[in-house]
Amino acid sequence: CPVVLAPKNSSVAMPPPADIVKVAIEWPGAFPKLMEIDQKKPLSSIIKEVCDGWSLANHDQFALQHADSSNFYITEKNRNEIKNGAILRLTTSPAQNAQQLHERIQSSSMDAKLEALKDLANYSRDVTFAQEFINLDGISLLTQMVESGTERYQKLQKIMKPCFGDMLSFTLTAFVELMDHGIVSWDTFSVAFIKKIASYVNKFASDISILQRSLAILESMVLNSHDLYQKVAQEITIGQLIPHLQGTDQEIQTYTIAVINALFLKAPDDKRQEMANILAQKQLRSIILTHVIRAQRAINNEMAHQLYVLQVLTFNLLEDRMMTKMDPQDQAQRDIIFELRRIAFDAESEPNNSSGSMEKRKSMYTRDYKKLGFINHVNPAMDFTQTPPGMLALDNMLYFAKHHQDAYIRIVLENSSREDKHECPFGRSSIELTKMLCEILKVGELPSETCNDFHPMFFTHDRSFEEFFCICIQLLNKTWKEMRATSEDFNKARKRVMQVVKEQIMRALSTKPSSLDQFKSKLQNLSYTEILKIRQSERMNQEDFQSRPILELKEKIQPEILELIKQQRLNRLVEGTCFRKLNSRRRQDKFWYCRLSPNHKVLHYGDLEESPQGEVPHDSLQDKLPVADIKAVVTGKDCPHMKEKGALKQNKEVLELAFSILYDSSGQLNFIAPDKHEYCVWTDGLNALLGKDMLSDLTRNDLDTLLSMEIKLRLLDLENIQIPDAPPPIPKEPSNYDFVYDCN
């Protein structure tokens, strides 16, 4: 084919300026316009230019919005998000639209009213529209419709029930979306409105959409207002919520547990135990175990989060006992210690124990308290004055003695008959173990906003913490016996044993056992010998040779390993990651996906309706960001979305997962990673793209692991050969060089 040469005076086509965006603009009944938008020009002048092109007057009554499913308005604040190739729509201004919808939802025609409420539910997701509608006192109009407006249609419900249900559903949806923007305070709502919403929890139990939104509104009320918490607590009972957990809809179950958690979390300290007793009477735990945890379906992330919150709040009931010191003058508390001694030593001969002099009995008690392993043999009450674990340790000991009596007596008698240096004192061990278990389960800490780490086994027993202690105290005694040969110094041995026991517990918990029995069997497979093998294996994998030749070899290999890690990070960015958008209603997850192009030149990203099962193709992601436009990558508190007022109250866990890409003058792309691993992968990958060092903990661990492996591979041929620390000495010069052959 012929080759056409460009004229000599022609110039190479230059890329358009960064401030110029090429878009298509639609208008009903007209062909779309292709035009260039100058981002430096005021938005009002751009809208006027578009209106003039279609000969439309009153340009101040028009606005531009995205033509995708979001329908979000374009404002001076968000106009930088417009990308090349975007499709926009010319439409009525937010103020005009809000005014029209405000009038339409008050129409006397049921069909017109229903259509208006449907549109309102859709538009309310946009904060620009929401602000205009709220300025028209729209929230009050919706609450009035909920409180009294629906009464007009009570007679029509039987013949128009589907229409009535849809109307109420759209009304509640619009209300939830408008309140989500945080423009209006929750403190402004009346008791009549709360009563109405609470009544829908039972009245419309079969209508999933109404039930969902009613539960969401109740949860938000409780979490956002102390006054509303009290009003909601009077209107909704646990008995009304429990039936919704026994259904098959996991989303309704999630909303229900969220409301229970909110009531639990906001209850005054003196009411929490009372509420826990009510939950126990209603058998909430067993219902959740049967209908949620052991249901024949996977538990989604939000359900896992709500179960985790419930688990944390339940264990936090122990905080009061954990922080309560024992009062040596309190006879009821001292009786617990007497009971421990009685069960251990007087089980068979109790009637004869009352005989003898007071001095003889005191001497006997002192001897028994020593056998029980208390530090203070004369007055064991003094052992429980340290907080934590305070009285919680004594509660655990009594539970173990009463409910696992044989195991308790065996442990006490075994240790009282051992040599002093080999004994595992039950009292001191129980106190330390209780403190350790409280640290592991983070008793007293508020639940994280993002954590999903719930343990099914804690929902299998009404006294799960006490049962957990009983299993672990027997493990501690067993591990102590297994380590006895190395226990030359008692205090050092005790510290070593507690470290091993903690490792055994943490490794067993990480497998997420489904029951306490399964947890117990996991521990049996994690004996001290097995822990030593695991440690040795890990130590060998992470062994750090310190000799000079090895260090020099490491230094030589390190650039190759770093390049390998860099390529792995970039490959992961090419695969992409699904990120979750956090909002005030965490359950209604919104997702977006971001991935790097294979040539590492462009970041493709876009919103998703749901979390994808695999990779998302580039062509389905509407937005692009050239890597060359990236100015910086910031993390944690430096991120713009973490500086905003309502950014999850600067939650620590969220801060640790937040990072942002800054581009242009004010452009930003904000991320919250799904977990720490993805956070490290993305921050490393973005820094690598910018030519900066990868500084994450994951990179350091990968570097250590790969360096160790590479060095071991290279040293295989030198096995059993000692590598000297210094190079061999240079030999002396020969007396002559007669052995040299001159080729010339």
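In this predicted model, 4 strands form an open sheet. Their order is 2-1-4-3, and the pairing is mixed. Strand 2 (33–38) and strand 3 (62–66) stand at the edges. Each has a single partner strand, so one side of each is left without a neighbour in the sheet. From one strand to the next, the twist averages 40 degrees.

Strand 1 (residues 20–26) pairs with strand 2 through 6 bridges. These two strands run antiparallel. Within this pair, Val23 stands opposite Met35 of strand 2. Val21 has Ile37 of strand 2 as its bridge partner. The two strands form a hairpin with 6 residues between them. In that hairpin, Gly29 takes a positive phi near 85 degrees.

Strand 1 also pairs with strand 4, here through 4 bridges. This pairing is parallel. Ala24 stands opposite Ile87 in strand 4. Of the 7 residues of strand 1, 5 are buried, so the strand is largely enclosed by the rest of the structure.

A helix packs on this sheet. Helix 1 (residues 43–53) touches strand 1, strand 2, strand 3 and strand 4 (86–92). The direction of helix 1 makes about 160 degrees with that of strand 2.

Further along the chain lies helix 20 (residues 426–441), with 16 residues. At 1.5 Å a residue, helix 20 should span 22 Å. Its end C-alpha atoms are 22 Å apart, which agrees with that expectation. Helix 20 is mostly covered, as 12 of its 16 residues are buried. Among them are Phe426, Gly427, Ser429 and Ser430. The buried set also includes Ile431, Leu433, Thr434 and Met436. Leu437, Cys438, Ile440 and Leu441 are buried too. An α-helix has 3.6 residues a turn, so residues three or four places apart point the same way. Just after helix 20, Lys442 takes a positive phi of about 55 degrees.

Lys442 is also a contact of Asn316. Asn316 is placed in the loop between helix 14 (301–315) and helix 15 (319–322). Its relative accessible area is 15%; buried means under 20%, so Asn316 is buried. Neighbours within four places in sequence were left aside when the contacts of Asn316 were listed. Besides Lys442, Asn316 is in contact with Val443, Gly444 and Glu445.

Notes: Residues numbered from 1 in each chain as written. Predicted model: local features only at pLDDT ≥ 70, side-chain atom pairs only at ≥ 80, totals over all residues. Heavy atoms only, no water. Expected span 1.5 Å × (residues − 1). Buried < 20%, exposed > 50% of the residue type's maximum accessible area, 1.4 Å probe, protein only. Pairing = 2+ DSSP bridges. Axes fitted to C-alpha atoms, helices over the stretch in contact; angles between N-to-C directions. Contact = heavy atoms within 4.5 Å.
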